[in-house]
Amino acid sequence: MTDMISTKVRFAPSPTGELHIGGARTALFNYLFAKHHNGKFFLRIEDTDRERSKDEFTDQICESLNWLGLHWDGEILFQSNRIKEYQSAIQTLLSGGNAYRCFCSKDLLEKSRAEGVYQYPRTCRNLNENEIRKHLNSGENYVIRIKIPEGQTSYNDIIYGHVTVNNSEIDDFIIARSDGSPTYNLVVVVDDHSMGITHVIRGEDHISNTSKQIQIYKALGFDIPVFAHLPMILGPDKKRLSKRHGAPGVQQFKNDGYLPDALLNYLVLLGWNPDSEQEIFILDEMIAKFDLAQVNKKGAVYDEKKLYWISGQHMQRLGNKNILDGILAINQSWGNGFNIQYQYTVIELLKVRAKSILEFIDQSVYFFNDPEEYDSKAVGKHWSNNSVNDFINTFINKMEAIENWNTEQIEKELRNVAEKYEIPAGRIIHPIRLALSGVPNGPSLFAMMELLGKETCIRRLNKALKLLPKS
RNA sequence: GGCUCGUUCGUCUAGGGGUUAGGACGCCGCCCUCUCAAGGCGGUAACACGAGUUCGAUUCUCGUACGAGCUACCA
């Protein structure tokens, strides 16, 4: 390692809503970048907007981050605890001549904006001592604005490359409100500097804030970090996915039974390409291969279908223990009364055909309870008349005689019955599956029967014989 | 309005002066098969437009169009 300064990044959400996939993706990229470089990933809560910030959202964001496995280093930094630092930075700017008091009324400025004047006309920029004192003495409210110098501001974005803006395009924006509280662009710079952030990785919506922030860095004499702006995640209409726009919260994915790694896997593919044809990653693999230089500039449309597929891929690959943990996290009573070996076998049989934990739970009910009803379409197809009952009765007799209750024996006996009646085995297999599970599809019938056990199979078959066919 | 950024299959993307423009999801078909999945094989489908540079442009340049973001005493 030639890096003398270790990498430090941060994820800085404002607690005005729950964590949604856009934020999760930003957090993920920060996390991957930090871990890839053996650096630190910090969490900062941007709660300077006292009206909209809520503690419950802070809790929810932390919970979501933890569920995803994106654990932050050190203590959470709350901006609301750092007012003194901001005040002192503002004072430095003011006394250094890099900022000034502005006494213009909000109404006036809003009016001129409505008339097409979008920039602050810098009315108060060159007020002299006497004029300032006069305003102050008459008790007028004022805000503090940064004094943007002439010239150009440019920086080299890891993802977007060189971005240059004429300073004439940068407003003398407000750094302190009339109540003295600092604004976003000021606090970000003060915090990123005091936290020692080396790389600022955030959404593309901050590109135009960056040149403003660079002005503050310069005015304060701070080193400027490296910037990397991530393309937006878009809705189907190509507009930025936002809460208003139906951006799903991370919590929602948890409730829908998605595994954290699957969500992360989907998210990492939105904008980043691994420079190979690999599509399925676990977190450690993402860390090993992640590179900001491989992130593209184009916004990516959120596509639930692909997430769904990725989720299925993860289900297949995941260890049975992990799946069990995932199930229990949603439904603690799953598998109650059945031993662990039985539970693991259920998982083994089902995991290739469930795309989410929720689906998994849904598909597994008949392993623990006798079916209460039978899929009516399947009944019509496979058990529409009494001839089926004869086959089943014959098979029940054969089953009772089986001593070694295992897949092979069961299959052998069933095929014998089919042969005896000179019918395709499917004519017996389908109705039996229906009788045992209530549904027309699932894992290999014989493997299912072995697991359910002889008693249960016979009991369920007899029950079905009483109820089917429906006339 | 101004500024900044972007534009390859429906979607996620690879590629890059001469390619049958590659992969993945989805969709369709076939195989496997007791069903459903999974898996295998195949198919469908894209370089926004116009100039210029060039022997040649999807790739480079410039325009145009379209889209997005920012333009708050929100973050």
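Student: Against which elements do the buried residues of H9 pack?

Tutor: In this predicted model, buried means under 20% relative accessible area, exposed over 50% and partly exposed in between, with a 1.4 Å probe and protein chains only. Helices (H or I, at least four residues) and strands (E, at least two) are DSSP runs numbered from the N terminus, and contact means heavy atoms within 4.5 Å. The buried residues of H9 pack against H1, helix H2 (55–68), H8, H10, E12 and H11.

Student: Which atoms are used for side-chain values?

Tutor: In this predicted model, local features need pLDDT of at least 70 and side-chain atom pairs count only at pLDDT 80 or more, while totals for chains, interfaces and linings use all residues. Residues are numbered from 1 along each chain as its sequence is written, chains are lettered from A and ligands numbered from 1 in the order in which they are written, and, with hydrogens and water left out, side-chain values use heavy atoms.

Student: How many of the residues of H9 are buried?

Tutor: The buried residues of H9 are Ala262, Leu263, Leu264, Asn265, Tyr266, Leu267 and Val268. H9 is therefore largely enclosed by the rest of the structure, its buried residues numbering seven of the nine.

Student: Is Asp275, in the loop between helix H9 and helix H10, buried or exposed?

Tutor: Asp275 has a positive phi of about 65° although it is not a glycine. Its relative accessible area is 60%, so Asp275 is exposed.

Student: What is the relative accessible area of Asn38?

Tutor: Asn38 sits in the loop between H1 and strand E2 (40–45). Its phi is near 55°, a positive value in a residue other than glycine. Asn38 counts as exposed because its relative accessible area is 63%.

Student: With which residues is Gln251 in contact, leaving aside its neighbours within four places in sequence?

Tutor: Gln251 belongs to helix H8 (residues 250–255). Its relative accessible area is 17%, so Gln251 is buried. Beyond its neighbours within four places in sequence, Gln251 is in contact with Glu18, Gln60, Glu63 and Ser64.

Student: How far apart in space are Ile159 and Glu403?

Tutor: Ile159 lies in the loop between strand E6 (152–157) and strand E7 (161–166) and is buried, because its relative accessible area is 5%. Outside its neighbours within four places in sequence, Ile159 has contacts that include Ala228, Leu230 and Val295. Ile159 and Glu403 are 244 residues apart in sequence, and the C-alpha to C-alpha separation in space is 68 Å.

Student: Which residues have the most contacts inside the largest nonpolar core?

Tutor: A nonpolar core is a set of buried Ala, Val, Leu, Ile, Met, Phe, Trp, Tyr and Cys residues joined through side-chain atoms within 4.5 Å. In soluble globular proteins, nonpolar side chains tend to be buried together. The largest core here has 137 residues, and those with the most contacts inside it are Phe367, Ile432 and Met449.

Student: Which helix gives the most to this core?

Tutor: Phe367, one of the residues with the most contacts in the core, touches Phe338, Tyr342 and Leu452, among others outside its neighbours within four places in sequence. With nine residues, the helix that gives the most to this core is H1.

Student: Which residues come nearest to RNA strand B?

Tutor: A residue is near a strand if one of its heavy atoms lies within 4 Å of it. Sugar and phosphate account for 71% of the atoms of RNA strand B that come within 4 Å of the protein. Of the 58 residues around the strand, those that come nearest are Arg177, Gly271, Arg353, Gly442 and Ser444.

Student: How many charged residues does the surface near RNA strand B have?

Tutor: By class, Ala, Val, Leu, Ile, Met, Phe, Trp, Tyr, Cys and Pro count as nonpolar, Asp, Glu, Lys and Arg as charged, and the others, Gly among them, as polar. The largest share of this surface, five residues, comes from H11. The surface has 17 nonpolar residues and 18 polar ones, and its charged residues number 23.

Student: How far is a polar side-chain atom of Asn209 from a base nitrogen of RNA strand B?

Tutor: A polar side-chain atom of Lys238 lies 3.0 Å from a phosphate oxygen of RNA strand B. For an N or O atom in the side chain of Arg240, the distance to a phosphate oxygen is 2.7 Å. Between a polar side-chain atom of Asn209 and a base nitrogen of the strand, the distance is 3.3 Å.

Note on methods. A polar contact is a pair of N or O atoms within 3.5 Å; within protein, one must be able to donate a hydrogen and the other to accept it, and residues adjacent in sequence count only if both atoms are side-chain atoms.
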